[in-house]
Amino acid sequence: MMQEAAGALYNAPFVCASHDANDTFNYGNRAALALWGLTWQEFVGMPSTKSAAADDGIQSERRTLLDAAAADGVIRNYSGVRQTAAGRRFRIDGATVWTIVDKAGTKTGQAVRFDSFTWLDAEGGGAAEEVE
């Protein structure tokens, strides 16, 4: 049963990814790997800061989001700019970000789930797409 659930999540028609308490990716489903353009080996172990441009404003907004999710447990309907491994920028739309805790209640990481995003052109506009 656990293996079936893991397979269903990996093959789900939405992006799901997580990082540990050190902001290092420890999971990405097939849709996440395809969107970021990475293999499992390249994605898992990568600092999650690399999922967004090195721009101070974008990194600051990302940190603010993660801190809010850590404080509140969950953030719903989040939108923010990220980038693929090749540097193509996209805006996440309607994401849920939540904090992962162990049985003792210790925060061990965070995860994100979303099923739509918008590729951004140089001016920041673009067309919305559904995750396949």
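This is a short walk through the fold, the core and a few individual residues of a predicted model.

**Overall build**

Let's start with the chain as a whole. The protein has four helices and seven strands, and along the sequence they come in the order α-β-β-α-α-α-β-β-β-β-β. The C-alpha trace spans about 45 × 30 × 25 Å along its principal axes. Is that in line with a compact globule? What radius of gyration would a compact globule of 132 residues have, and what does the protein have? The rule puts the globule near 14 Å, and the protein has 14 Å, so the two agree.

On the inside-outside balance, 40% of the 132 residues count as buried. The accessible surface comes to about 7,400 Å², and carbon and sulfur atoms hold 54% of that. Taking contacts with a sequence separation of 6 or more, 39% of them link residues 24 or more positions apart. As for charge, there are 12 positive and 17 negative ones, and their mean positions sit 4 Å apart.

**The core**

Now to the interior. The largest nonpolar core has 24 residues, and the members that touch the most other members are V15, L35, W36, F43, F90 and F114. Several elements chip in with at least two residues each: the helices α2 (30-36) and α4 (56-72), plus the strands β1 (15-20), β3 (74-83), β4 (89-101), β5 (107-114) and β6 (116-119). Which element gives the largest share of this core? That would be α2, with five residues.

L35 is a handy place to look at the packing. Setting aside residues up to four places away in sequence, L35 touches V15, T84, F90, F114, F117 and W119. One of those partners, T84, is found in the loop between β3 and β4. Is T84 buried or exposed? Its relative accessible area is 8%, under the 20% cut-off, so T84 counts as buried. Beyond its neighbours within four places in sequence, T84 is in contact with L35, W36, F90 and W119.

**Two positive phi angles**

Two residues are worth a click if you like backbone oddities. D23 has a positive phi of about 60 degrees although it is not a glycine, and N77, also not a glycine, has a positive phi near 60 degrees. Their settings are as follows. D23 is found in the loop between β1 and β2 (25-28) and is buried, with a relative accessible area of 15%. N77 lies in strand β3 and is exposed, at 62%.

What does D23 touch, leaving aside its neighbours within four places in sequence? The list is M46, P47, S48, T49, R62 and R63. D23 also has a C-alpha to C-alpha distance of 9.8 Å to L66, which is 43 residues away in sequence.

**Around R76 and D72**

R76 has its place in strand β3 and counts as exposed, with 61% relative accessibility. Not counting residues up to four places away in sequence, R76 touches A95 and T96. D72, in helix α4, is exposed too, with a relative accessible area of 57%.

Sequence spacing and spatial distance can be set side by side for three pairs, with distances taken C-alpha to C-alpha:

| Pair | Apart in sequence | Apart in space |
|---|---|---|
| R76 and T96 | 20 residues | 4.5 Å |
| D72 and M46 | 26 residues | 25 Å |
| D23 and L66 | 43 residues | 9.8 Å |

How far apart in space are D72 and M46, C-alpha to C-alpha? They are 25 Å apart, with their positions 26 residues apart in sequence numbering. For R76 and T96, 20 residues apart in sequence, the spatial figure is 4.5 Å, and T96 is among the residues that R76 touches. M46 turns up twice in this report: M46 is one of the contacts of D23, and M46 is the residue paired with D72 in the table.

Methods
Residues numbered from 1 in each chain as written. Predicted model: local features only at pLDDT ≥ 70, side-chain atom pairs only at ≥ 80, totals over all residues. Heavy atoms only, no water. Core = buried A, V, L, I, M, F, W, Y, C linked by side-chain atoms within 4.5 Å. Buried < 20%, exposed > 50% of the residue type's maximum accessible area, 1.4 Å probe, protein only. Contact = heavy atoms within 4.5 Å. Rg over C-alpha atoms; globule rule 2.2 N^0.38 Å. Areas by Shrake-Rupley, 256 points an atom, 1.4 Å probe, with all protein chains shown as cover. Lys, Arg positive; Asp, Glu negative; His and termini not counted. Charge placed at Lys NZ, Arg CZ, Asp CG, Glu CD.
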